[in-house]
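Colleague: I would like to learn how to read a helix and its neighbouring strands in a model such as this one. Could we go through it together?

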Amino acid sequence: MIEPEALAAMDKMSAALQVLPGFTLTSEVTTEKVLENGQKLQFGGNVEVALHRPDAFKIIANSDIQHREYYFSKGQFTVLEPRMKYYASASAPETVGLALEKLKTDYGIELPLADLFTWGTDQTMRSRIVSGYVVGPEIIGTRTCDHYAFRQKLVDWQIWIDKGAAGLPCKIVITATDDPSMPQYTALLTWDTAAVPEPANIAFVVPAGAHKIKLAEQSAQASAGDKQ
C-alpha cells in the first residue's frame, strides 16, 4: 500500500530542495557491517556535502572504516583517497543529476546521500516504491519532524522531514533487505542554506604527492571478476 500523503510529502520536500541554488550539509552517519558469521558491527562517521546547482558538488565521507572525497565540476568527476593519496577522474555530463546516473551506470559508484540531489527529477525512483506510509510526528534534536516509511525491492528506507518552513529532511535510515541480517545506514542531517558554495571553492585540487590511477568501469570490473 502506498499512501498518497507519503508521496506528497516527498514531492514537497523535493520541491524545497530543487529551488535551492546550493547548500552545505553535515551529517552524522552510522553504518552496520555484517561479518561472515552473521554478527553485525557498527561504525560511526560523518558526511559533508557542498552543492552548487546545477553543476558542482563536493562530498567528504569520513568514517571509522573508510575515507573518501568526491568532486564534480565542469563535467569532470574525481574521487580521492586522501590517506593513501590516490585519485581517479572521469568525464561526466555537465549537470549533477546526469553525472550521478553515469557514475552509477558506468562505474558502479553510488555517492552518500546522493538521492537528496535527484528526488523529483528521477521519475524511476517513484516507480520503484512498493509501499509507503505516514508514521507520525517525532522530535529529532530540536526539530519537530514527520516520519515516513517506504519499501522498495531489496531496500527499506525511512525519512523524517522537518515540519518547519524549510521542509528539509532531518534524518534518513536505509535498511538492506537482501541480506538476512538487514544492516542499516543512518544519517542525521544538519543544513546550511544561507550561503551558496562557489564552484571554484569546491573544485578538486590535486594534493601534493598524490598519484593518479584509472577509474575502473563496471564492464572491466565484471571481466576481472570472471577471471578470478
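Modeller: Let us start with H2, in which Val96, Ala99, Leu100, Leu103 and Tyr107 are buried, where buried means under 20% relative accessible area with a 1.4 Å probe and protein chains only. This is a predicted model, in which local features need pLDDT of at least 70, side-chain atom pairs count only at pLDDT 80 or more, and totals for chains, interfaces and linings use all residues. Residues are numbered from 1 along each chain as its sequence is written, and side-chain values use heavy atoms, with hydrogens and water left out.

Colleague: Why do the buried residues of H2 line one face of the helix?

Modeller: An α-helix has 3.6 residues a turn, so residues three or four places apart point the same way. Seen down the axis of H2, the buried residues fall within an arc of 100 degrees (taken from the directions from the helix axis to the C-beta atoms), so they line one face.

Colleague: And how do S4 and S5 pair?

Modeller: Strands, which are DSSP E runs of at least two residues numbered from the N terminus, pair if DSSP finds at least two bridges between them. Here S4 and S5 run antiparallel and are joined by 5 bridges, with Phe72 opposite Phe77 in S5. The two strands form a hairpin with 2 residues between them, and Lys74 in the turn has a positive phi of about 55 degrees.

Colleague: Which strand pairs with S5 over 6 bridges?

Modeller: That is S6 (residues 86-91), again in the antiparallel sense, and Thr78 stands opposite Ser89 in S6.

How values were computed. Buried < 20%, exposed > 50% of the residue type's maximum accessible area, 1.4 Å probe, protein only. Helix = DSSP H or I, 4+ residues; strand = E, 2+ residues; numbered from the N terminus.
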